[in-house]
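Trainee: Please take a close look at a single part of this model, and set that part in the context of the whole chain. I would also ask that each term be given with its cut-offs.

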Amino acid sequence: MRRKSSTLLPDSIIQRLAGRQNGVVTRDQLLAAGLSPQQIQWRLRDGRLVALHRGVYLVGAVAPEWAYSQAGLFACGEEATLGQRSATRIWGLAKYPANAYPWVIVPRQKRIERPRVVISRIDLERRDVRKRHGMRVTSPPRTVFDMASIVDDPYELEALVAEAAFRRLASEKELRDQTERNSGCRGVPALNHVLRLEGGPQRTRSDGERLMLRLLRNRGIKGFETNGSIQGEEVDFLWRDEEFCVELDGWDGHSGRAAFERDRLKWAKLQAAGVAVMPITGRQINEDEDGVFDRMLAVIAQRRHRVET
């Protein structure tokens, strides 16, 4: 590869490249910019460059937010695209650790394996690829469709579908288009099932909420909204007509004392406005499902009687 002459110092060249590429550079890019193999090696030894993959380097000791995703793309070549769990994180549809293995899609004919990268071989259409944070990534509808092939829990898939709709990233029409264009793929039945749910897919943001949603459906309880808003407050499960809500409680659902206290203040405000609040913990659902169910039914019946009279 021909090198380009430059009057910039080697570290300036590296920083300029890294600034456009989420803190990551490749060996080929550095050689093309005029650095020698020895200059690259010196920087690897003293920690100014950190090898993430063969010929792919993090610049400095602290990885920017998208560094590992960018490195995974570089490791897999020009046609590589971030997909599945990496794409859900990029689009804000689900949590996935920044330093976890990136999920990368390459064309079917490309037979490669890379350590610390989860590789899928899929031929993507051009309309299913976008650019975000300077990286190739599957579109939100394609991301949800691909997740349908790897998610075992239908409630997790439902949460993805609902979150994509809530953020106006993937409509039901766009997801049905994915199932029609990819009719023979593994994820089609699971995604069709979610799209056919009575009342539509419900938005949940934690394992506890999905556990509660499962209980409500198994027990045939209807008329609720997930993460609905009432009196200016968002609640986990809301029966709007009855002015009744269920809130998932417990330290596992909070990020510390401040969040714990904030929820108590929210409940106090709701109760002062006439909204009945029932806190329920994950342990109660697991260990006393019948008791949780009976208490909920009793409150719902009381609230409906109050409204009717």
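**The whole chain and one sheet**

Mentor: A compact globule of 309 residues would have a radius of gyration near 19 Å, whereas the value for the protein chain is 25 Å. The radius is taken over C-alpha atoms, and the globule rule is 2.2 Å times the number of residues to the power 0.38. This is a predicted model, in which local features need pLDDT of at least 70 and side-chain atom pairs count only at pLDDT 80 or more, while totals for chains, interfaces and linings use all residues. Residues are numbered from 1 along each chain as its sequence is written, and side-chain values use heavy atoms, with hydrogens and water left out.

The C-alpha trace of the protein chain spans about 85 × 45 × 30 Å along its principal axes. The protein chain contains 13 helices and 12 strands; these are DSSP runs numbered from the N terminus, helices being H or I of at least four residues and strands E of at least two. About 16900 Å² of the protein chain is exposed, and carbon and sulfur atoms supply 47% of that area; accessible areas come from the Shrake-Rupley method with a 1.4 Å probe, and for residues only the protein chains shown count as cover. Of the 309 residues, 47% are buried, where buried means under 20% relative accessible area, exposed means over 50%, and partly exposed lies in between (1.4 Å probe, protein chains only). Among contacts between residues at least 6 apart in sequence, 57% join residues at least 24 apart, a contact being heavy atoms within 4.5 Å.

The part chosen for the close look is an open sheet of four strands in the order β9-β10-β11-β12, with mixed pairing. Two strands pair if DSSP finds at least two bridges between them. At the edges stand β9 (225-230) and β12 (276-281), each of which pairs on one side only. From one strand to the next the twist averages 50°; axes are lines fitted to C-alpha atoms, for helices over the stretch in contact, and angles run from 0 to 180 degrees between N-to-C directions. Five bridges link β9 with β10 (residues 233-239) in the antiparallel sense, and in this pair Ser229 stands opposite Glu234 of β10.

Two helices contact this sheet. Helix α10 (residues 207-218) packs on the sheet and touches β9, β10, β11 (244-249) and β12, its direction making about 20° with that of β10. Helix α11 (residues 257-272) lies across β9, β10, β11 and β12 and runs at about 65° to β10.

Gln202, in the loop between α9 (188-195) and α10, connects to the same region. The residue is buried, with a relative accessible area of 14%. Its side chain forms a polar contact of 3.2 Å with the side chain of Thr226. A polar contact is a pair of N or O atoms within 3.5 Å; within protein, one must be able to donate a hydrogen and the other to accept it, and residues adjacent in sequence count only if both atoms are side-chain atoms. With neighbours within four places in sequence set aside, the contacts of Gln202 are Glu158, Ala159, Ala162, Leu213, Arg217, Phe224, Glu225 and Thr226.

Other parts of the chain offer a setting for this sheet. A second open sheet has three strands in the order β1-β3-β2, with antiparallel pairing; its edge strands, β1 (24-26) and β2 (49-53), each pair on one side only. The twist in this sheet averages 40° from one strand to the next. Helix α3 (residues 37-46) packs on it, touching β2 and β3, and its direction makes about 95° with that of β2. Three bridges join β1 to β3 (residues 56-59) in the antiparallel sense, with Val25 opposite Tyr57.

Elsewhere, β7 and β8 form a hairpin with two residues between them, and His133 in the turn has a positive phi of about 55°. Four bridges join antiparallel β7 and β8 (residues 135-138). Arg132, in strand β7 (residues 129-132), is partly exposed, with a relative accessible area of 33%. A polar atom of the Arg132 side chain lies 3.4 Å from the backbone oxygen of Ile90. Finally, helix α6 (residues 140-147) is largely enclosed by the rest of the structure, because eight of its eight residues are buried.
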